[in-house]
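Reader: I have a structure to go through with you. Please keep the answers brisk.

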Amino acid sequence: MSVTIKYFAWLRERVGKAEEDMILPAGVNTLTELIAHLRRQGEEYDHAFATDGVIRAALDKRHVPLDAAIGGAREIAFFPPMTGG
Amino acid sequence: MAVSVQTGDFDIAAEIASLTAGRTDIGAIVTFTGICRGQDDGRDVVALTLETYEEMAVAELSRLEEDARSRWPLQGSTIIHRHGTMQPGDNIVLVICASSHRQAAFEAASFLMDYLKTRAPFWKAEEAAGGEKRWIAAKAEDDEAADRW
């Protein structure tokens with residue numbers, strides 16, 4: 001299944017791209033598993049996701065905890081804590 | 001009910017007028033405006049850039065607005081959040097709540113701002129006078145402010 005992964009703020013800068021399409025490999029069912037998979041894709045990903053407990057995520061534009069199942073979501077977003085307002 | 005995520009400025013008086021036009025059931029309007037400061041943590045700030053996940057921001061602000069309407073009797077509400085690059089003194093965010101009485105309008109506006117700060121997907125980067133840019137860190141007190149609701 002192909003999903004679009006989006007990155008924002010310093011996470012985007014560290015990964016070096018705003019978004020990418022990816023076929024989720026077998027065994028990647030939750031966002032935590034996806035992060036582990038991404039961290040093996042290169043130093044920039046490993047650095048971007050190294051700050052444990054800080055990264056937030058959304059599935060199809062809704063906030064979800066990192067242990068959430070990806071299920072049939074088409075758009076996954078990772079970002080730091082929000083600082084709007 | 002209106003939510004807007006935009007680069008351009010907003011006109012507070014015009015936004016209030018559009019909420020109250022032709023109505024006599026509104027007895028209280030509370031507005032909150034967030035403005036770009038020229039100093040932060042003792043540093044001079046020359047510019048502030050707000051990044052957003054625009055489609056989610058619109059969806060999330062709409063959900064927050066619905067949540068506020070389920071908690072307080074509101075006759076109307078407006079949330080406008082800007083993104084892009086701003087200078088000190090520029091408007092960033094506007095929340096307007098209209099109700100029959102002031103208590104609901106005050107509380108709903110406060111709730112919307114507290115929730116917006118921790119849930120709406122916006123990220124601020126400050127540019128200092130020397131050109132140095134840094135991402136602003138989220139504040140624990142903002143989480144605490146949202147938790148009280």
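Reader: In which helix of chain A is Ala9(A) found?

Author: This is a predicted model, so every answer here rests on computed values. Ala9(A) belongs to a helix of chain A that spans residues 9-15. That helix is H1.

Reader: Is Ala9(A) buried or exposed?

Author: A residue counts as buried if 20 or more other C-beta atoms lie within 10 Å of its own. Ala9(A) has 23 C-beta neighbours inside 10 Å, so the verdict is buried.

Reader: What is the phi of Ala9(A)?

Author: Ala9(A) is a residue other than glycine, yet its phi is positive. The value is near 55°.

Reader: Lys61(A) also has a positive phi. Where does Lys61(A) lie?

Author: Lys61(A) is not a glycine, and its phi is about 70°. With 18 other C-beta atoms within 10 Å, Lys61(A) is partly exposed. In chain A, Lys61(A) sits in the loop between strand E3 (56-59) and strand E4 (62-64).

Reader: Which elements of chain A give two or more residues to the side that touches chain B?

Author: The contact takes 15 residues from chain A and 22 residues from chain B. The chain A side divides into nine nonpolar, four polar and two charged residues. The elements of chain A that give two or more residues to this side are H1 and strand E5 (75-79).

Reader: Which helix gives the most to the largest nonpolar core?

Author: This core has 51 residues. Those touching the most other members include Phe8(A), Leu11(A) and Ala77(A) from chain A, and Val95(B) and Leu112(B) from chain B. The top contribution is eight residues, and it comes from helix H3 (residues 102-119) of chain B.

Reader: Which residues does Val95(B) touch, leaving out those up to four places away in sequence?

Author: Val95(B) is among the core residues that touch the most other members. Leaving out residues up to four places away in sequence, Val95(B) touches Thr31(B), Phe32(B), Ile79(B), Ala109(B), Leu112(B) and Met113(B).

Reader: What pattern does chain B follow along the sequence?

Author: Chain B has four helices and nine strands. Read in sequence order, they give β-α-β-β-β-α-β-β-β-α-β-β-α.

Reader: What radius of gyration does chain B have?

Author: The C-alpha atoms of chain B fill a box of roughly 50 × 30 × 30 Å along the principal axes. For 149 residues, a compact globule would have a radius of gyration near 15 Å. Chain B agrees with that, at 16 Å.

Reader: How much of the contact set in chain B joins residues at least 24 apart?

Author: Buried residues make up 35% of chain B. Take the contacts in chain B between residues at least 6 apart in sequence. Of these, the share joining residues at least 24 apart is 75%.

Reader: Which are the edge strands of the open sheet E1-E5-E7-E2 in chain B?

Author: Four strands form this sheet, with mixed pairing. Each edge strand pairs on one side only. In chain B, the edges are strand E1 (2-6) and strand E2 (28-35).

Reader: How many bridges pair strand E5 and strand E7 of chain B?

Author: Strand E5 covers residues 74-82 and strand E7 covers residues 91-99 of chain B. His81(B) stands opposite Val93(B) in E7(B). The two strands pair in the antiparallel sense, and the bridges number seven.

Reader: At what angle does helix H2 of chain B run to E5(B)?

Author: Helix H1 (residues 12-20) of chain B lies across E2, E5 and E7 of chain B, at about 25° to E7(B). Helix H2 (residues 54-71) of chain B lies across E1 and E5 of chain B. The angle of H2 to E5(B) is about 155°.

Key: Residues numbered from 1 in each chain as written. Chains lettered and ligands numbered in written order. Predicted model: local features only at pLDDT ≥ 70, side-chain atom pairs only at ≥ 80, totals over all residues. Rg over C-alpha atoms; globule rule 2.2 N^0.38 Å. Buried ≥ 20, exposed ≤ 12 C-beta atoms within 10 Å, placed from the backbone. Contact = placed C-beta atoms within 7 Å. Nonpolar A, V, L, I, M, F, W, Y, C, P; charged D, E, K, R; others polar. Core = buried A, V, L, I, M, F, W, Y, C linked by C-beta atoms within 7 Å. Pairing = 2+ DSSP bridges. Axes fitted to C-alpha atoms, helices over the stretch in contact; angles between N-to-C directions.
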